[in-house]
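Work through the exercises below with the coordinates open. Each task is followed by a solution in steps.

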Amino acid sequence: MILTDIPSPREIARNGALFLDFDGTLVDIAPTPESVHVPASLPGLLIRVAARLEGALAILTGRPLAVVDAFLAPARFAAGTEHGSFLRHTPDATPIATTGTEVPQAWRDQADRLRARFPAAQVEHKQAGFAVHFRANPEAGPPIEIALAALVETDPRFALLPARMAWEVKPRGADKGTALEALMRAAPFLGRRPMMIGDDVTDEDAMAAARRAGGWGLRLQDTFGDPAALHVWLAAIAEACPNNAMPQ
Ligand SMILES: O=P(O)(O)OC[C@H]1O[C@H](O[C@H]2O[C@H](CO)[C@@H](O)[C@H](O)[C@H]2O)[C@H](O)[C@@H](O)[C@@H]1O
């Protein structure tokens, strides 16, 4: 574990709010979106940490809400999904769309047709947008970017987002930073110091938002090393005594 200059688990337990990226942060990167391995202990660990933080734990992810819920079942958490396009303020709240914009069906069809040119590419459709993955054929990355940029240039409501071996088309006007800020405005997050932990360029808006709010924006690779090391640190939060009292 690398662990440089971060607050103690006890400090987070006392007054922190945790915002956690999913892919590459809570779970290791896998060859395809469906093949990620969620350790059996992870949902229970996150439940214990959320309880310690009085509910102030949210998943900020590019994934659709139903997908991240399925990966973490039976646990459910507050969430900002599809890069801030949807928000769920508490585990049982009704999700809300932040932009109300969804990509045209014609764009989805064009993305699907990219597979004729790049058979190893994988198109992942979401509620508001889609991702085109090229992990199985890295050389397809630049031409896929050109094709998707040509779509996005025709409609200012949408943006092209670089991801890990993928390009994502999503509504403009929401990102993980706006998601963090929106969640921080209400209980159980309000009044706590936010910490965003992520591994990817798509996490940087939320890292910056957390720092602006007086908290911490941490890159997993620089701070913890890998998801397993992060799990160890999260377990220390779950076990921390939050009120600065020494355990008896
Ligand atoms: O915001 P995140 O939780 O980090 O999600 C970002 C994207 O992650 C997924 O794609 C990435 O992870 C896959 C599984 O490890 C990997 O195969 C792929 O190459 C990565 O780009 C997910 O499929 C996307 O929907 C998320 O937006």
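**Exercise 1.** Determine whether Leu161 is buried or exposed in this predicted model, and place the residue in its element.

Solution. Step 1: count the C-beta atoms around Leu161; there are 21 neighbours inside 10 Å. Step 2: apply the cut-off, under which a residue is buried if 20 or more other C-beta atoms lie within 10 Å of its own. Leu161 therefore counts as buried. Step 3: locate the residue, which belongs to strand 8 (residues 158-163). Step 4: list its contacts, leaving out residues up to four places away in sequence: His83, Glu168, Lys170 and Thr202. Step 5: for a distant reference, take Leu45, which is 116 residues from Leu161 in sequence and 31 Å from it in space, C-alpha to C-alpha.

**Exercise 2.** Repeat the analysis for Ser85: is the residue buried or exposed, and which residues does Ser85 touch?

Solution. Step 1: Ser85 sits in the loop between strand 3 (78-81) and strand 4 (86-88). Step 2: Ser85 has 27 other C-beta atoms within 10 Å, so the residue is buried. Step 3: with residues up to four places away in sequence set aside, Ser85 touches Ala97, Thr98, Thr99, Ala128, Lys170, Pro171 and Ala174. Step 4: Glu102 lies 17 residues from Ser85 in sequence, and the C-alpha to C-alpha distance between them is 9.4 Å.

**Exercise 3.** Describe how the chain is divided into domains and where they touch.

Solution. Step 1: the assignment gives domain 1 (9-98 + 174-239) and domain 2 (105-171). Step 2: taken over C-alpha atoms, their centres are 25 Å apart. Step 3: 14 residues from domain 1 and 15 residues from domain 2 take part in the contact. Step 4: on the domain 1 side, the residues split into six nonpolar, six polar and two charged.

**Exercise 4.** Where does the ligand lie relative to the two domains, and why?

Solution. Step 1: the shell around the ligand holds 24 residues, and Phe22, Asp23, Pro33, Thr61 and Gly62 are the closest. Step 2: strand 7 (130-133) and strand 9 (166-171) are the elements that give two or more residues to this shell. Step 3: by class, the shell has ten nonpolar, six polar and eight charged residues. Step 4: because domain 1 and domain 2 both give residues to the shell, the ligand lies between them.

**Exercise 5.** Identify the largest nonpolar core and the contacts of Met196.

Solution. Step 1: the largest nonpolar core has 45 residues, and Met196 is one of those with the most contacts inside it. Step 2: outside its neighbours within four places in sequence, Met196 contacts Phe19, Leu180, Asp203, Ala206, Met207, Ala210, Gly217 and Leu218. Step 3: a second, separate core has 15 residues, among them Ala111 and Phe158.

Note on methods: Residues are numbered from 1 along each chain as its sequence is written. This is a predicted model: local features need pLDDT of at least 70, side-chain atom pairs count only at pLDDT 80 or more; totals for chains, interfaces and linings use all residues. A residue is near a molecule or strand if its C-beta atom, placed from the backbone, lies within 6 Å of it. Helices (H or I, at least four residues) and strands (E, at least two) are DSSP runs, numbered from the N terminus. Ala, Val, Leu, Ile, Met, Phe, Trp, Tyr, Cys and Pro count as nonpolar, Asp, Glu, Lys and Arg as charged, and the others, Gly among them, as polar. Domain bounds come from an automatic or database domain assignment. A nonpolar core is a set of buried Ala, Val, Leu, Ile, Met, Phe, Trp, Tyr and Cys residues joined through C-beta atoms within 7 Å. A residue is buried if 20 or more other C-beta atoms lie within 10 Å of its own, exposed if 12 or fewer, and partly exposed in between; C-beta atoms are placed from the backbone. Two residues are in contact if their C-beta atoms, placed from the backbone, lie within 7 Å.
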